[in-house]
Amino acid sequence: QYPNCTFERIVPRGYVEKTSWVRPKTMDKEYKFKLDTFQDKAVECIQKNESVLVAAHTSAGKTAVATLP
């Protein structure tokens with residue numbers, strides 16, 4: 001959808017992903033707009049209690065991710 005966007009996931013050697021995790025039906029914070037793909041993936045990492053780094057140009061929507069509780 002966004003040809004100039006890259007999503008890359010890097011995990012430590014030996015990391016075992018929690019396969020039993022199910023995304024909650026409601027988010028910790030609701031927005032008045034639909035999240036972009038990069039925002040949605042970042043929020044999912046946060047909900048899984050994983051670390052996330054978001055790098056994007058000015059006004060891309062990084063603050064939406066940063067304001068999660």
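Q: Contact means heavy atoms within 4.5 Å. With neighbours within four places in sequence left aside, which residues is tryptophan 21 in contact with?
A: In this predicted model, tryptophan 21 is in contact with Glu44, Gln47 and Lys48. Tryptophan 21 itself lies in the segment before H1. Between tryptophan 21 and glutamine 47, the C-alpha to C-alpha distance is 9.6 Å, although 26 residues separate them in sequence.

Q: Why is tryptophan 21 called partly exposed?
A: The relative accessible area of tryptophan 21 is 25%. Buried requires under 20% and exposed over 50%, so a value of 25% places tryptophan 21 in the partly exposed class.

Q: Which residues make up the largest nonpolar core?
A: This core has 5 residues: Tyr31, Leu35, Val43, Ala64 and Leu68. Membership requires burial and side-chain atoms within 4.5 Å. In soluble globular proteins, nonpolar side chains tend to be buried together.

Q: What is valine 43 in contact with, leaving aside its neighbours within four places in sequence?
A: Valine 43 has contacts with Arg23, Met27, Leu35 and Leu68. Val43 is also among the buried residues of helix H1 (residues 37-47), which are Gln39, Ala42, Val43, Cys45 and Gln47. The cover over the buried residues of H1 includes helix H2 (62-66).

Q: Why is the pair formed by tyrosine 31 and phenylalanine 33 called tilted?
A: The count of aromatic pairs comes to 1. In the pair of tyrosine 31 and phenylalanine 33, the ring centres are 5.4 Å apart and the planes stand at 45°. The centres satisfy the limit of 6.5 Å, and the angle is neither under 30 degrees, as for stacked, nor over 60, as for edge-to-face; the pair is therefore tilted.

Q: What makes tyrosine 31 buried and phenylalanine 33 partly exposed?
A: Tyrosine 31 has a relative accessible area of 17%, which is under the 20% limit for buried. Phenylalanine 33 has 46%, a value between the limits of 20% and 50%, and is therefore partly exposed.

Q: How is it known that glutamate 50 is buried?
A: The relative accessible area of glutamate 50 is 19%, and buried means under 20%, so glutamate 50 meets the criterion. Its place is in the loop between H1 and H2.

Q: What makes the pairing of the side chains of glutamate 50 and tyrosine 15 a polar contact?
A: The two side chains are joined at 2.6 Å. A polar contact requires N or O atoms within 3.5 Å, one able to donate a hydrogen and the other to accept it; the value of 2.6 Å therefore satisfies the distance limit. Beyond four places in sequence, glutamate 50 touches Arg9, Tyr15 and Cys45.

Q: What is notable about phi in asparagine 49 and serine 59?
A: Asparagine 49, just after H1, takes a positive phi of about 65°. Serine 59 has a positive phi of about 70° although it is not a glycine. Most residues other than glycine have a negative phi. Asparagine 49 is in the loop between H1 and H2, and serine 59 lies in the loop between H1 and H2 as well.

Q: Why are asparagine 49 and serine 59 called exposed?
A: Asparagine 49 has a relative accessible area of 68% and serine 59 has 71%. Exposed means over 50%, so both residues belong to that class.

Terms used: Residues numbered from 1 in each chain as written. Predicted model: local features only at pLDDT ≥ 70, side-chain atom pairs only at ≥ 80, totals over all residues. Heavy atoms only, no water. Buried < 20%, exposed > 50% of the residue type's maximum accessible area, 1.4 Å probe, protein only. Phe/Tyr/Trp six-rings, centres within 6.5 Å; stacked < 30°, edge-to-face > 60°. Helix = DSSP H or I, 4+ residues; strand = E, 2+ residues; numbered from the N terminus.
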